[in-house]
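Got your viewer open? Keep the selection panel handy, and we'll take this one stop at a time.

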Amino acid sequence: MNIVFAASEAVPFAKTGGLADVVGALPREIERLGHRVRLFLPAYRQACSRTPPPRPGGIELEIPIASKIVPGRLLQSRLPHSRVDVWLVDQPEYYDRPQLYGEHGKDYQDNCERFVFFCRAVMESLAAMGEPVDLLHCHDWQTGLIPAYREILYGHHPVFAETATLLTLHNMAYQGRFWHWDMLLTGIDWKYFNWRQMEFHGDLNLLKTGIIFADRLNTVSPSYAEEIQREPLGCGLADVLHYRADVLTGIVNGIDVRQWDPAHDPHLPQAYNVESWQVGKAACKAALQQASGLAVEPRRPLIGLIGRLASQKGWEIVLPLLEAQLENSDYQWVVLGSGDPAIETRLRELARTHPDRLHVTIAFDEPLAHQIEAGADMFIMASRYEPCGLNQLYSLRYGTVPIVHHTGGLIDTIVDVTDETLAARTATGFHFHHYTTDSLAEALARAVECYRHHGSTWSQVVETGMSQDWSWHRSARQYVELYEQTREEHRRRLTAEPSS
Ligand code: ADP
């Protein structure tokens with residue numbers, strides 16, 4: 001297949017979140033499965049200042065934006081360790097800025113225009129390149145217009161004659177919602193500005209546009225695909241998603257198994273694998289305790305937490321748990337995160353009053369993240385909602401038993417410890433079902449009971465998790481199947497409703 005990715009971020013060119021990890025890894029794996037893959041990104045300042053810098057790509061663009069013609073051009077680069085061509089859409093007024101989407105907590109005012117330009121530039125570039133596209137894989141609201149362009153403005157161009165469109169929804173909380181006059185920027189007729197297509201409570205909604213016009217949709221886990229068909233997790237679009245339920249599925253993201261491999265991790269004091277985890281983790285735990293100023297006690301439960309300090313990640317139920325546990329138990333805690341200043345302050349206060357039991361690092365610190373994943377016995381992931389989640393997957397690979405809220409990708413990746421799952425040898429962690437501190441505390445108590453008093457069960461749970469394959473290779477095979485289904489759906493739609 002001839003596949004084109006369009007996205008607003010990809011590692012190593014530009015990153016603000018998990019989307020960049022997906023788009024930085026998946027194209028390479030799809031290419032390894034024998035497909036031709038190209039990737040389009042905006043030429044942000046951070047993408048252009050990499051070494052080697054992108055070179056001119058030989059395509060000049062003139063994009064109609066409302067009544068203006070805005071010039072642009074393509075720059076060319078490569079996705080590292082691959083033959084995937086990366087085309088950077090260059091328009092310095094839009095993209096040569098310090099950040100991707102906004103500064104000082106405020107979105108850039110012209111974000112709609114910036115991403116209208118990007119979407120239209122992708123279509124114009126592909127048309128100019130002249131190579132028929134089998135599948136356009138779009139990601140999040142920033143590329144939500146592409147499926148609409150494919151259907152409304154570019155359907156008759158030979159390059160797009162058989163192009164199917166897939167939109168991946170990484171997080172429903174971000175929708176690209178703009179005032180209705182921005183419809184003029186898109187070049188799409190006002191007749192599409194209605195509640196069944198591009199309009200949402202009087203505004204233009206670019207994610208909804210993509211959801212309506214794409215041939216198929218997916219999210220980054222099957223459970224999140226179900227959950228967003230109901231409120232509140234649909235973030236206002238549950239009905240629209242329910243309407244498209246027959247083409248909405250989920251594929252769990254992969255992890256970079258080279259970067260996250262306890263057997264070859266340069267950040268760890270001792271390497272280990274599923275055969276040697278008892279010895280290896282003991283050494284990593286001792287080193288982590290020492291570095292964190294905690295007593296070096298091999299059998300004391302050590303619990304790790306890493307993540308954005310944002311309400312999505314469950315700090316409102318974790319902080320009261322921490323307060324109670326620091327008073328009433330002997331567990332040790334290591335926390336790494338940055339974000340909301342109020343959460344940072346509370347964590348710092350708790351660490352100051354209990355320095356022998358809790359160590360807090362307010363930073364983005366990749367090596368420390370590896371050391372916590374290796375040195376902790378358990379890892380708490382209490383997200384209020386979680387489209388996929390990566391830390392629980394790193395925990396599995398590092399033999400650190402996850403304690404997770406029963407939501408989204410956490411349901412799909414962690415199997416709760418029960419008599420049945422232990423007998424089936426599938427158990428990998430502990431779930432809590434209610435988003436409350438009590439429910440989380442109960443799951444933690446179950447985990448600690450198992451850790452302290454049922455050593456062979458604990459070992460089984462650790463080893464089951466460590467033996468699993470959460471690589472991108474696994475996800476990429478599922479995406480290729482989904483691409484085939486998307487093309488079938490496209491052909492079916494074409495015969496069902498010939499385009500006007
Ligand atoms: P999200 O993308 O919603 O933030 P994920 O669990 O999917 O959550 O991915 C978060 C990624 O960012 C993980 O790789 C995690 O280890 C990393 N991360 C988050 N906060 C920090 C931090 N303070 N230091 C180091 N790594 C972090």
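**Stop one: the ligand**

Select the ligand and K313: an N or O atom in the side chain of K313 sits 2.8 Å from an oxygen atom of the ligand. Keep in mind as you click around that this is a predicted model.

Next, add Y394, where a side-chain N or O atom is 3.3 Å from a ligand oxygen atom. Now pick D365: here a backbone N or O atom lies 3.0 Å from a nitrogen atom of the ligand. On its own the ligand has 560 Å² of accessible area, and the protein covers 88% of that.

**Stop two: the shell around it**

Widen your selection to the 16 residues around the ligand; R308, K313, A363, D365 and L390 come nearest. What mix of classes does the shell have? You'll find 8 nonpolar, 5 polar and 3 charged residues.

Try colouring β15 (302-309), β16 (332-339) and α14 (391-397), since each of them supplies at least two shell residues. The largest share, 3 residues, comes from β15.

**Stop three: the cores**

Now leave the ligand and select I30, I211 and Y483. In the largest nonpolar core, which has 99 residues, these three touch the most other members. Helix α4 (residues 111-129) gives this core its largest share, 11 residues.

Zoom in on Y483. Setting aside neighbours within four places in sequence, its contacts are M1, I3, F5, L26, I30, L135, H137 and L166.

Last click: L319, V360, L410 and C450. They are among the 69 residues of another core, which lies apart from the largest one. In soluble globular proteins, nonpolar side chains tend to be buried together.

Terms used
Residues are numbered from 1 along each chain as its sequence is written. This is a predicted model: local features need pLDDT of at least 70, side-chain atom pairs count only at pLDDT 80 or more; totals for chains, interfaces and linings use all residues. Side-chain values use heavy atoms; hydrogens and water are left out. A residue is near a molecule or strand if one of its heavy atoms lies within 4 Å of it. A polar contact is a pair of N or O atoms within 3.5 Å; within protein, one must be able to donate a hydrogen and the other to accept it, and residues adjacent in sequence count only if both atoms are side-chain atoms. Accessible areas come from the Shrake-Rupley method with a 1.4 Å probe; for residues, only the protein chains shown count as cover. Helices (H or I, at least four residues) and strands (E, at least two) are DSSP runs, numbered from the N terminus. Ala, Val, Leu, Ile, Met, Phe, Trp, Tyr, Cys and Pro count as nonpolar, Asp, Glu, Lys and Arg as charged, and the others, Gly among them, as polar. A nonpolar core is a set of buried Ala, Val, Leu, Ile, Met, Phe, Trp, Tyr and Cys residues joined through side-chain atoms within 4.5 Å. Buried means under 20% relative accessible area, exposed over 50%, partly exposed in between (1.4 Å probe, protein chains only). Contact means heavy atoms within 4.5 Å.
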